Amino acid sequence: MSIGVDPADPPSAVSVSSDDLPADAVEPCATTAAVSGITPEPVMFSERDRRFMALAQAAAEEARAAGEVPVGAVLVHGDEVIAKGFNHPIGGHDPSAHAEMAALRAASQKLENYRLPGCELYVTLEPCLMCAGAIMHARIARVVFGARDPKTGACGSVVDAFANPQLNHHTTVTGGVLEEECGAALRSFFADRRRAAREARAALKNDPGATDALQDSHPIN
């Protein structure tokens, strides 16, 4: 889910170690938790999923460059990238400007169709309820996300919007692809924001008149 978040209250991403995997293996899915002390076999992700998630990560870096929480998404059909999007609620003055929403809008405009059957959406952070609803309305066949969001995630972390059998469209969900990398991007962003906030507060002690400038340069997302 790509959202505007208080820099002091970021989404936490699960970190998974792949030290025990072969050198050519991909990382295990973070959803495979140990039960009763027994660790299940890791879920292996395809190179295709990793490749498209890497493109979503590149889109997330565009959000970071714009001062937004770094979440990115790409929408694909087969092996063709139809559209991409990145989180920009601050710059867009739009609470719905999540990465998923941006990619869905761009794809719909390109294909001139609000339905996107057969398409897959790759996003670096677990979608929220708003994005899950839009994904289902667009008839997306599959969602692949990177890091989990235990505060607002709608793919199982908080609620599982896609598991409701009463819905008239069912989307397949795969979580944990490049999870460590996606989570690290978010953690580093919020660490930088907290560091900048501390430095700004320290500067205020020497220049109390800088309060207005501080507020303008550090909006709370």
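**Strands, core and salt bridges of a predicted model**

In this predicted model, strands β1 and β3 run antiparallel and are joined by four bridges. Within this pairing, A73 stands opposite V123 of β3. Strand β1 also pairs with β2, again in the antiparallel sense, over six bridges. Here V76 stands opposite V81 in β2. The connection between β1 and β2 is a hairpin with two residues between the strands, and G78 in the turn has a positive phi of about 65°. Five of the six residues of β1 are buried, so the strand is largely enclosed by the rest of the structure. For reading the strands, a general point is useful: in a regular strand the side chains alternate between the two faces of the sheet.

The next topic is the nonpolar interior. The largest nonpolar core has 45 residues, and those with the most contacts inside it are M53, L75, L104, L116 and I140. The elements that give two or more residues to this core are the helices α1 (47-65), α3 (99-111), α4 and α5 (179-206), together with the strands β1 (72-77), β2 (80-86), β3 (120-125) and β4 (142-147). The surroundings of L116 illustrate how parts of the chain meet. When residues up to four places away in sequence are not counted, L116 touches L75, L104, A107, S108, L111, A138, R139 and I140. Of these neighbours, L75, L104 and I140 are, like L116, among the core residues with the most contacts.

Helix α4 spans residues 129-137. Its buried residues are C131, A132, A134, I135 and M136. What covers these buried residues includes α3, β3 and β4. The spacing can be read against the helical repeat: an α-helix has 3.6 residues a turn, so residues three or four places apart point the same way. At the start of α4, by contrast, L129 is exposed, because its relative accessible area of 52% lies over the 50% cut-off. L129 joins V158 and V159 in a nonpolar surface patch of about 240 Å². The helix is followed by R139, whose phi is positive, near 65°.

Charged side chains form a further set of links. Side chains of opposite charge can pair when their charged atoms come close. A search of the whole structure finds twelve salt bridges. One of them joins the side chains of E120 and R142, at 2.8 Å from N to O. This pair links distant parts of the chain, with E120 in strand β3 and R142 in strand β4, 22 residues apart. Both E120 and R142 are buried. The two residues also belong to a network of salt bridges that links them with R48, D49, R51 and D79.

A second salt bridge is formed by the side chains of E126 and R148, at 4.0 Å from N to O. E126 lies in the loop between β3 and α4, and R148 in the loop between β4 and β5 (172-175), so the pair ties together parts that are 22 residues apart in sequence. E126 and R148 are both buried.

The salt bridge between the side chains of R187 and E180 has an N to O distance of 2.8 Å. Its partners are set in another environment: R187 counts as partly exposed at 33% relative accessibility, and E180 is partly exposed as well, with a relative accessible area of 28%.

Note on methods. Residues are numbered from 1 along each chain as its sequence is written. This is a predicted model: local features need pLDDT of at least 70, side-chain atom pairs count only at pLDDT 80 or more; totals for chains, interfaces and linings use all residues. Side-chain values use heavy atoms; hydrogens and water are left out. Patches are made of residues with over 30% relative accessible area and no salt bridge: like charges are joined within 9 Å, nonpolar side chains (Val, Leu, Ile, Met, Phe, Trp, Tyr) within 5 Å. Accessible areas come from the Shrake-Rupley method with a 1.4 Å probe; for residues, only the protein chains shown count as cover. Buried means under 20% relative accessible area, exposed over 50%, partly exposed in between (1.4 Å probe, protein chains only). A nonpolar core is a set of buried Ala, Val, Leu, Ile, Met, Phe, Trp, Tyr and Cys residues joined through side-chain atoms within 4.5 Å. Contact means heavy atoms within 4.5 Å. Two strands pair if DSSP finds at least two bridges between them.
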